[in-house]
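Me: Could you take a close look at one part of this model for me, the place where the two chains meet? I would like a connected account that then follows one of the chains inward.

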Protein chains: 2
Amino acid sequence: MSQASSPTRFADLNPPARLLMGPGPVDVYPGVLRAMSTPMLGQFDPQFTAYMNEVMVLYRQIFRTENHWTLLIDGTARAGIEACLTSMIVPGDKVLVPIFGRFGHLLMEICQRCGADVVTLETDWGTVFEPDQITDAIKINAPNLVAMVHGDTSTTMAQPLYEIGPICRETGALLYVDATATLGGNPVEVDSWKLDAVTAGLQKCMSGPPGCAPTTINERVAERVKSRKHIEAGIRQDGFENAAGPRIQSNYFDLAMLMDYWGPARLNHHTEATTMLYAARECARIVLDEGLANGFARHRQASRAIRSGLDAMGLRLFGDADHRMANVTGVFIPPAVDGDKVRGELLQDFGIEIGTSFGPLHGKIWRIGTMGHVCRKSNILRCLNALEAVLRRNGFESPPNAGIDAADEAYESEA
Amino acid sequence: MSQASSPTRFADLNPPARLLMGPGPVDVYPGVLRAMSTPMLGQFDPQFTAYMNEVMVLYRQIFRTENHWTLLIDGTARAGIEACLTSMIVPGDKVLVPIFGRFGHLLMEICQRCGADVVTLETDWGTVFEPDQITDAIKINAPNLVAMVHGDTSTTMAQPLYEIGPICRETGALLYVDATATLGGNPVEVDSWKLDAVTAGLQKCMSGPPGCAPTTINERVAERVKSRKHIEAGIRQDGFENAAGPRIQSNYFDLAMLMDYWGPARLNHHTEATTMLYAARECARIVLDEGLANGFARHRQASRAIRSGLDAMGLRLFGDADHRMANVTGVFIPPAVDGDKVRGELLQDFGIEIGTSFGPLHGKIWRIGTMGHVCRKSNILRCLNALEAVLRRNGFESPPNAGIDAADEAYESEA
């Protein structure tokens with residue numbers, strides 16, 4: 001075999017040092033980085049299946065649930081979304097999607113691709129719904145499924161959910177929630193809020209790498225999924241029968257087969273992504289070692305501090321102040337300032353990444369994340385200090401040190 | 001918020017040392033393990049998009065193609081399969097799937113879930129098709145797509161493909177190939193064999209972690225996919241128009257959107273799995289640094305050696321000797337020996353994993369992988385030596401050292 005005439009080679013990985021204060025991914029906990037260099041195990045090695053079981057136990061605690069079926073989908077956060085929606089939706093099902101940002105649109109779109117009859121409800125970006133708006137829509141439309149986002153990073157808003165779950169139980173609808181942006185940094189009470197299926201990612205408050213979607217479903221969902229179980233021809237054995245319900249349109253995202261892989265049958269499906277499982281396990285250990293309540297407080301405190309700082313610099317915060325997530329802050333780009341130029345200088349000259357925005361907010365706000373490992377006072381002050389300097393270069397003046405002094409004070413007042 | 005009353009915690013990751021000689025995952029190159037502990041970058045950081053572009057260049061060389069669209073699907077190997085098939089198949093399309101093992105059944109099943117009208121062709125496990133059998137079936141059925149496996153680890157066989165591509169071009173069919181098991185250890189000549197879409201994983205001869213699917217598609221496929229492009233409502237901007245073709249039934253696996261993410265538009269889709277991309281990049285660097293031809297020779301040599309050794313021990317090799325992959329060997333479990341007990345003792349007492357098998361071969365053969373980092377003489381001898389000892393314990397005697405002597409000789413005769 002001839003080799004390519006002029007092979008192209010590249011140098012060792014050597015990324016510039018960054019402080020990731022965008023909407024995610026964020027800096028990964030050092031222990032998670034180390035966990036990812038752990039050697040492989042076979043997927044049916046007793047130690048590896050033990051790790052899979054430990055991951056189920058750990059994420060039940062993270063999700064605050066007793067749900068047996070608490071597992072990982074091998075893909076990024078939207079893989080978890082699609083696994084739930086494609087497994088739960090039978091073509092023709094009516095699905096209600098309340099939309100308050102980009103990821104509501106994503107849910108709508110995935111539901112449509114699953115063959116659902118989708119009804120949407122929209123509110124302005126930067127606001128959330130009154131519970132009545134959603135409960136009324138559920139009563140009027142009688143959906144089979146309600147699919148909604150908990151915290152939408154595109155708008156930095158978190159939708160209160162504890163009144164939605166009970167109304168879904170009452171009307172017989174299933175409730176799916178995307179908690180990618182909130183899990184680990186804001187309360188997500190799967191059982192007490194009566195959420196039927198919830199998915200997330202690691203790359204926000206869990207401070208892990210993108211590429212793994214922790215997922216939990218309760219027995220209501222499990223029953224629906226099992227009623228659609230069709231096992232692959234190449235591995236079907238005696239004792240595994242196909243169910244009567246319509247086959248799920250994806251093989252990779254077929255939760256029925258995933259349950260047989262994560263359950264005692266250990267029926268092979270995909271090959272579990274070993275390294276991502278190691279990472280997910282380590283993220284959960286770190287978050288639980290800190291204590292969920294302690295972690296939430298740390299996120300709230302950091303957000304209060306950066307918001308005080310931005311305000312003191314004369315910048316205007318975005319969105320409904322009562323419903324902001326505790327891990328990301330939207331701030332208006334000052335008039336006459338080029339938002340992308342400022343972001344570029346923060347990145348190139350100070351090594352700090354902050355986020356741009358999508359859709360109706362594109363070019364209007366920056367989004368500053370304070371999540372997981374990043375969520376510490378030294379980073380808040382570093383970011384505000386650099387932002388002040390870069391904004392001054394770009395013609396926006398604020399009183400020297402006003403931002404860091406206000407943030408500092410916010411931290412002190414909490415101490 | 002109240003914490004769980006009795007939190008459950010687990011110890012640090014500390015997996016037992018294993019030598020992974022099953023059908024995959026296998027031991028990962030140390031450089032790849034190290035690469036996976038590299039800190040995150042933002043997905044639109046210029047350095048990160050540069051790494052994405054480098055990955056495209058590296059995998060073009062691995063796949064031996066000039067295809068521009070050579071990228072990663074964020075999921076395990078079957079995620080790559082499903083991304084191609086769901087993006088290529090329009091419901092109602094006729095698809096021909098020649099099946100010579102478990103993964104052919106998987107392709108059939110995924111094609112069915114994509115709404116294809118599937119025609120299959122089967123041959124006994126342990127054999128491959130004569131090219132005429134496939135070309136005749138193409139001529140008779142006039143499929144829109146032929147979907148087939150290159151090397152099926154379930155049977156250890158590799159199907160020659162170089163005569164299939166041209167007949168597909170002639171008849172207007174597209175040709176999709178799953179090269180998960182072969183890529184990096186056996187020739188996979190995407191362009192010269194005229195393969196239209198090819199996917200793989202990292203966890204076989206590429207010696208990386210499971211969870212990432214290198215994928216290449218040519219312009220014939222790209223055109224078909226682009227004709228179905230529908231961009232998410234939440235991020236659609238001026239200049240990005242939807243195409244007239246039917247929307248792809250998966251969002252996550254929508255190659256049209258993935259092309260906009262991996263292309264100059266850098267239109268956000270999922271958040272690229274940073275760590276898996278680092279791993280994929282490092283795997284490719286290592287494989288290309290060795291040289292593809294050198295790596296193939298190393299795999300062939302190791303297989304010859306282990307096969308000589310097994311034969312000298314009085315074990316019977318499985319399958320058509322002319323069409324075995326260079327990286328995995330099937331061997332019959334001797335009568336009166338409990339195959340799973342032997343595998344368990346190899347794992348527990350010697351730290352060596354070898355593979356069981358599926359479907360019609362379940363309980364009949366073991367599968368021994370010699371892939372990537374594992375594919376070295378010391379491992380071949382270690383495995384044969386342990387197998388001899390464990391088999392003796394289990395009542396199957398072979399002449400002392402016969403296996404390792406034969407393997408040693410096979411290595412010497414190549415030197």
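Reply: Happy to, and here is the contact between the chains, followed by the sheet and the domains of one chain.

A word on the ground rules: this is a predicted model, in which local features need pLDDT of at least 70, side-chain atom pairs count only at pLDDT 80 or more, and totals for chains, interfaces and linings use all residues. Residues are numbered from 1 along each chain as its sequence is written, while chains are lettered from A and ligands numbered from 1 in the order in which they are written.

Chain B superposes on chain A by a rotation of 180° with 0.0 Å of shift along the axis, at an RMSD of 0.0 Å (least squares on the C-alpha atoms of residues with pLDDT of at least 70 in both copies). That is the relation of a two-fold axis. In chain B, the residue that comes closest to the rotation axis is B:Gly75, whose C-alpha is at 2.4 Å.

The contact takes 79 residues from chain B and 78 from chain A, where two residues are in contact if their C-beta atoms, placed from the backbone, lie within 7 Å. Elements giving two or more residues to the chain B side include helix 2 (46-63), helix 3 (77-88) and helix 9 (274-290) of chain B; helices here are DSSP runs of H or I with at least four residues, strands are E runs of at least two, and both are numbered from the N terminus. Helix 4 of chain B gives the largest share, eight residues. By type, the chain B side has 36 nonpolar, 25 polar and 18 charged residues (Ala, Val, Leu, Ile, Met, Phe, Trp, Tyr, Cys and Pro count as nonpolar, Asp, Glu, Lys and Arg as charged, and the others, Gly among them, as polar). The copies meet through the same surface, because 97% of the interface residues of chain B are also interface residues in chain A.

Now to chain A itself. Its open sheet of seven strands has the order 2-10-9-8-5-3-4, with mixed pairing; strands pair if DSSP finds at least two bridges between them. Strand 2 (69-73) and strand 4 (117-122) of chain A are the edges. Three bridges join strand 9 (197-199) and strand 10 (213-217) of chain A in the antiparallel sense, and A:Val198 has A:Thr216 as its bridge partner.

Finally, chain A is divided into domain 1 (30-287) and domain 2 (291-414), with bounds from an automatic or database domain assignment. Their C-alpha centres lie 31 Å apart.
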